[in-house]
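Trainee: I am new to this structure and would love to walk through it with you. Could we take it one question at a time?

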There are 2 protein chains.
Amino acid sequence: MNASSPVLVIHGGAGTIAPSRSVAEELVYHAALADILTAGAACLEAGGSALDAVGIAVDLLEECPLFNAGHGAVFTSAGTHELDAAVMDGATLRAGAVAAVTRVRRPGRAARAIMEAGEHVLLAGPGAEAFARHQGLEMVEPDFFSTEARRAQLVQAQATGRIALDHDGASPPLDEARKFGTVGAVALDRHGHLAALTSTGGMTNKRPGRIGDSPLIGAGTYADDRTAAVSCTGTGEAFMRIAAAHDVCARMAYGGRSLEDAARAVVEGALPSVGGRGGLIAVDAAGRIAMPFNTEGMYRGHVRMGEPPATAIFGQAR
Amino acid sequence: MNASSPVLVIHGGAGTIAPSRSVAEELVYHAALADILTAGAACLEAGGSALDAVGIAVDLLEECPLFNAGHGAVFTSAGTHELDAAVMDGATLRAGAVAAVTRVRRPGRAARAIMEAGEHVLLAGPGAEAFARHQGLEMVEPDFFSTEARRAQLVQAQATGRIALDHDGASPPLDEARKFGTVGAVALDRHGHLAALTSTGGMTNKRPGRIGDSPLIGAGTYADDRTAAVSCTGTGEAFMRIAAAHDVCARMAYGGRSLEDAARAVVEGALPSVGGRGGLIAVDAAGRIAMPFNTEGMYRGHVRMGEPPATAIFGQAR
């Protein structure tokens, strides 16, 4: 087999078209996604690993207040932030994840540090923060993650007694009131290795201590060079019940399905069968990609070497 | 298809034969396993659901100090207990789980309560305890779970700087210094429904905040009426990296493998390929069972209606 042609795919959450959808705001999202793809692609172009490329992309997605991860994360019902992230290396099946951290600036990097340490896969809460601090990762005050827009969403959600409800004074293309806020990246590098990384602030008004699919290996995040790298976004509990990310890989490995077929079977079949909504991004070792979702839109994009980044919000991904 | 013939399978952890193995002590373990199987079988015999039967079995396994779950749980490196559990209903793919709880007397029941509430799948730490208390589950002081034998194991582990190390002054059949302490149950009821439930105190001297495979749907616990109910025990991180419990079901669903073939492929193939040790118990909708492990022994047993319970510690399970 020849050297692989690298590719990077990212997502910034899935959801419903906002009633007051603003075209001007759409351009802001497209530009943000393109910039992030360009930065990740530069890493792959220079011979960087898939792991490093997804790390760069998620670093930027976390720092961007448009997306619900890191700065700009949603609030729990207690008015706090609890951040989750997971990373997986398709070459070795090594993985690392953090859940319910409140002071780690870049949860994606904390997940990577846990993976590199090699002892545990998932650390939660204060134990995860003690580990991150010991590793020299940047810690911040919990209000670092807060934005006025997210606080307004919490007030709105609590007034109506809804979880996962979200509202924004601005008019972004996807309805913040019904958007699943997660960010993620999957990549293939020139050595033929795959990696996946997912990071999230969870659901607005969620119960403290709730862990969703994002930090769970096999649920919201999975990577195996023999099949695919997958990162999910949506109603986390449904993704957990069907082990969505691993299910894409299993349908390929045992059922001989293509990436596209496997990814669509999960998002259009298994997921709705348990009431799940959302989508996923995936890439296989041949560089094929899939970005199916069963919502009206999903912030997403991909880039191949020597081509400009392609970004999209609505329409069914192919 | 005729009404199913109910079956219940349980495990109490896997590991290595103790150097000072005591035959008298072996009988204690066989008797404990047989008693627990008998209690669970009575439920199934009376027409109870698979969910109720695994609940009864794990209630008793948790309360039995011989096994590392509930009373008799191991200590973390901080001298505390952090308990994890997960349950899954194969008929509906509903699931519930708790991680890192310190005051819930019966973590398996807390997992079931989360599943029944239907809002979230996994709650961790204080948020999980607040939920359990609100549901009226019995709360205890954290030292309820402590036993002198487990404290001695922590002292020994810390003296040698090992995690997962365990030592007991007595001479149980499996070496407490190298045993993976988890309990679990899987069942088929007369309605053809499957359920799985796993509960654990984790690894002696583990880092606080570490979450293993037991409470993670797809890793240590999975159930789907179309394939199997699975409960795992072993080096949790390896089970997480291969999504072990879901992988058994996926090999059956997509690869057309039998329960026995699928379970062995995971325990003898995928698991050692990532350095994993341990075993699992599984039952399919036809009542076939599998109990493979790649360690020297696994505390285990099964019971079918109208037959006496069968228990085992050593030898390869068939």
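Trainee: Which residue is the bridge partner of Ala99(B) in strand 4 of chain B?

Mentor: Happy to help, and keep in mind that this is a predicted model. Strand 3 (residues 94-101) of chain B pairs with strand 4 (residues 122-124) of chain B in the parallel sense, over three bridges. In strand 4, the partner of Ala99(B) is Ala124(B).

Trainee: And which residue in strand 3 of chain B stands opposite Ala86(B)?

Mentor: Here we turn to strand 2 (residues 83-89) of chain B, which runs antiparallel to strand 3 of chain B and is joined to it by six bridges. These two strands form a hairpin with four residues between them, where Leu93(B) takes a positive phi near 60 degrees. Opposite Ala86(B) you will find Ala97(B).

Trainee: Is strand 3 of chain B largely enclosed by the rest of the structure or largely open, and how many of its residues are buried?

Mentor: Buried means under 20% relative accessible area, so that is the cut-off to apply. Strand 3 of chain B has eight residues, and it is largely enclosed by the rest of the structure because the number of them that are buried is seven.

Trainee: What handedness does the β-α-β unit of strand 3, helix 3 and strand 4 of chain B have?

Mentor: Helix 3 covers residues 107-117 of chain B. Together with strand 3 and strand 4 of chain B, this helix makes a unit that is left-handed.

Trainee: Now the two chains: how much area do chain B and chain A bury between them?

Mentor: In terms of contacts, 35 residues of chain B meet 35 residues of chain A. Carbon and sulfur atoms account for 62% of the buried area, which is about 3100 Å².

Trainee: Which three residues supply more of the area that chain B buries against chain A than any other three?

Mentor: Their share of the area on chain B is 22%. The three are Arg207(B), Arg241(B) and Tyr254(B).

Trainee: How many residue pairs are in polar contact between chain B and chain A?

Mentor: Salt bridges between chain B and chain A number zero. For polar contacts, with both residues at pLDDT 80 or more, the count of pairs is 17.

Trainee: Which element of chain B gives the most residues to the side that touches chain A?

Mentor: Several elements give two or more residues there, including strand 3, strand 4 and helix 4 (125-134) of chain B. The one that gives the most, with six residues, is helix 7 of chain B.

Trainee: Last one: is Thr235(B) buried or exposed?

Mentor: Thr235(B) is found in the loop between strand 9 (228-234) and helix 6 of chain B, and among the residues it touches are Phe180(B) and Arg277(B). Its relative accessible area is 18%. The cut-off for buried is under 20%, so Thr235(B) is buried.

Note on methods. Residues numbered from 1 in each chain as written. Chains lettered and ligands numbered in written order. Predicted model: local features only at pLDDT ≥ 70, side-chain atom pairs only at ≥ 80, totals over all residues. Heavy atoms only, no water. Buried < 20%, exposed > 50% of the residue type's maximum accessible area, 1.4 Å probe, protein only. Pairing = 2+ DSSP bridges. Right-handed = clockwise from strand over helix to strand, strands pointing away. Contact = heavy atoms within 4.5 Å. Buried area = accessible area lost by both parts, 1.4 Å probe. Salt bridge = Lys/Arg side-chain N within 4 Å of Asp/Glu carboxyl O. Polar contact = N/O pair within 3.5 Å; in protein donor to acceptor, adjacent residues only side chain to side chain. Lists of a residue's contacts leave out its neighbours within four places in sequence.
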